[in-house]
Amino acid sequence: MKRLKYSSVLPPLIFGAALILLLQCGVIHKIFNIKILQLPLPLDIAAAFTGAADSIPENAVTTLVPSVTGLALGSIIGYAAALLATAFPDRGYGGLFIMTMINSVPIVALAPLMNRWFENDFAAKLAVITIVVSGIMAVNAFRGLNDLPENGLELMKANGSSASDVFIKLRIPNSLPAVFTALKIGVSSAMLATIISEFFSSETSGMGYMIKYTLKVGNMKQLGWAYIAAISILSIIIYGIICMAEKRVTGWHVSQQIDMK
């Protein structure tokens, strides 16, 4: 188990360390003809990160609250749509199709539209995130609710289980791995939607606004990349929390039992 964990963690760590070293030595800049002003050195970014230790948490809260709220709300709406589409295929599948069609609208087009519809910046960001996440959850949850193991379905039918028993005892548990897959995809999508929404927002706080503002100013490029690093770290932390929850909730699933072999 430990060997398997190390073998899966070490390669990305080594790759990341090598990439940072190449960036610090200027090798990447020379290969791709990138100026240091465009992509600051890692140590300069780290220094800017340390210098902005007071402002990063405040702006992070402004971005995280709608991101996490939208992730939760969009997941609930998406899962409810998948449940309805499974329980009432004739009507529910049409609603699921419409939801996925709305989800296909690019975020860069959706964000300014929501900023015009809502006077409150938080509500505008929440609407964009909810729309983006709900489509991801609906598609994945619907697949989990309907791609059932044949042996399990036949066994329940042979024992005279009702449709509600099949739904509660087989479909819903079977959908949980797909739900966590959607949540993990939704983390990056929610963060991206929040950052883009803050680009078009009228508020003067949040990670998206600070990235947009600092990257415009010539002597603040390092700070802009520090905010990018901060939002990346926050996304990884949330992703890790979801992974830990997945192991606890779906420990019975084959994907979580590979490490135990």
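# An all-helix chain: report on a predicted model

Read from start to end, the chain runs through the pattern α-α-α-α-α-α-α-α-α-α-α. That makes eleven helices and zero strands. The structure is a predicted model.

## Overall build and confidence

The C-alpha trace spans about 70 × 55 × 35 Å along its principal axes. The chain has 261 residues, and buried residues make up 39% of them. Among the contacts with a separation of 6 or more, 72% are between residues 24 or more positions apart.

The mean pLDDT of the chain is 84, and 91% of the residues score at least 70. Helix α4, residues 55-87, has the highest mean among the elements, at 92. The lowest mean, 70, belongs to helix α8, residues 150-158.

## Salt bridges

How many salt bridges does a search of the whole structure find? The search finds two, and the table lists them.

| Lysine | Glutamate | Closest N to O distance |
|---|---|---|
| Lys-125 | Glu-198 | 3.0 Å |
| Lys-184 | Glu-246 | 2.9 Å |

In the pair of Glu-198 and Lys-125, distant parts of the chain are linked: Glu-198 is in helix α9 (residues 163-200) and Lys-125 in helix α7 (residues 121-146), with their positions 73 residues apart in sequence. Both Glu-198 and Lys-125 are buried.

The side chains of Lys-184 and Glu-246 form the other bridge. This pair also links distant parts of the chain, Lys-184 being in helix α9 and Glu-246 in helix α11, 62 residues apart. Are Lys-184 and Glu-246 buried or exposed? Lys-184 has a relative accessibility of 19%, so this residue counts as buried, the cut-off being under 20%. Glu-246 counts as buried because its relative accessibility is 6%.

Helix α9 therefore takes part in both bridges, through Glu-198 and through Lys-184.

## The second largest pocket

The second largest pocket holds about 270 Å³ of space. Its lining consists of Leu-19, Ile-20, Leu-23, Leu-39, Pro-42, Ile-45, Trp-225, Ile-228, Ala-229 and Ser-232. Three elements give two or more residues each to this lining: α1 (2-24), α3 (42-51) and α11 (221-249). Which element gives the largest share of the lining? Helix α11 does, with four residues.

By class, nine of the lining residues are nonpolar, one is polar and none is charged.

## The largest cavity

The whole structure has one cavity of 30 Å³ or more. The space inside the largest cavity is about 40 Å³. Which residues line the largest cavity? They are Ser-67, Val-68, Leu-71, Val-187, Ala-190, Met-191 and Ile-238. At least two residues of this lining come from α4, and at least two from α9. Six of the lining residues are nonpolar, one is polar and none is charged.

Helix α4, which supplies part of this lining, is also the element with the highest mean pLDDT.

## Three single residues

Gly-26 is in the loop between α1 and α2 (27-32). Its relative accessible area is 12%, so Gly-26 is buried. From Gly-26 to Ile-36 the separation is ten residues in sequence and 8.3 Å in space, C-alpha to C-alpha.

Asn-33 is in the loop between α2 and α3. Its phi is near 55°, a positive value in a residue other than glycine. Is Asn-33 buried or exposed? Asn-33 counts as exposed because its relative accessibility is 69%, the cut-off being over 50%.

Pro-89 belongs to helix α5, residues 89-103. Its relative accessibility is 48%, and Pro-89 therefore counts as partly exposed. Pro-89 and Ala-138 are 49 residues apart in sequence, and their C-alpha atoms are 14 Å apart in space.

Key
Residues numbered from 1 in each chain as written. Predicted model: local features only at pLDDT ≥ 70, side-chain atom pairs only at ≥ 80, totals over all residues. Heavy atoms only, no water. 1 Å grid on protein atoms, 1.4 Å probe; cavity = no way out; pocket = protein on both sides within 12 Å on 5 of 7 lines; lining within 4 Å. Points joined across faces, edges and corners; volume = space filled by probe spheres on them. Nonpolar A, V, L, I, M, F, W, Y, C, P; charged D, E, K, R; others polar. pLDDT = per-residue confidence, 0-100. Salt bridge = Lys/Arg side-chain N within 4 Å of Asp/Glu carboxyl O. Buried < 20%, exposed > 50% of the residue type's maximum accessible area, 1.4 Å probe, protein only. Contact = heavy atoms within 4.5 Å.
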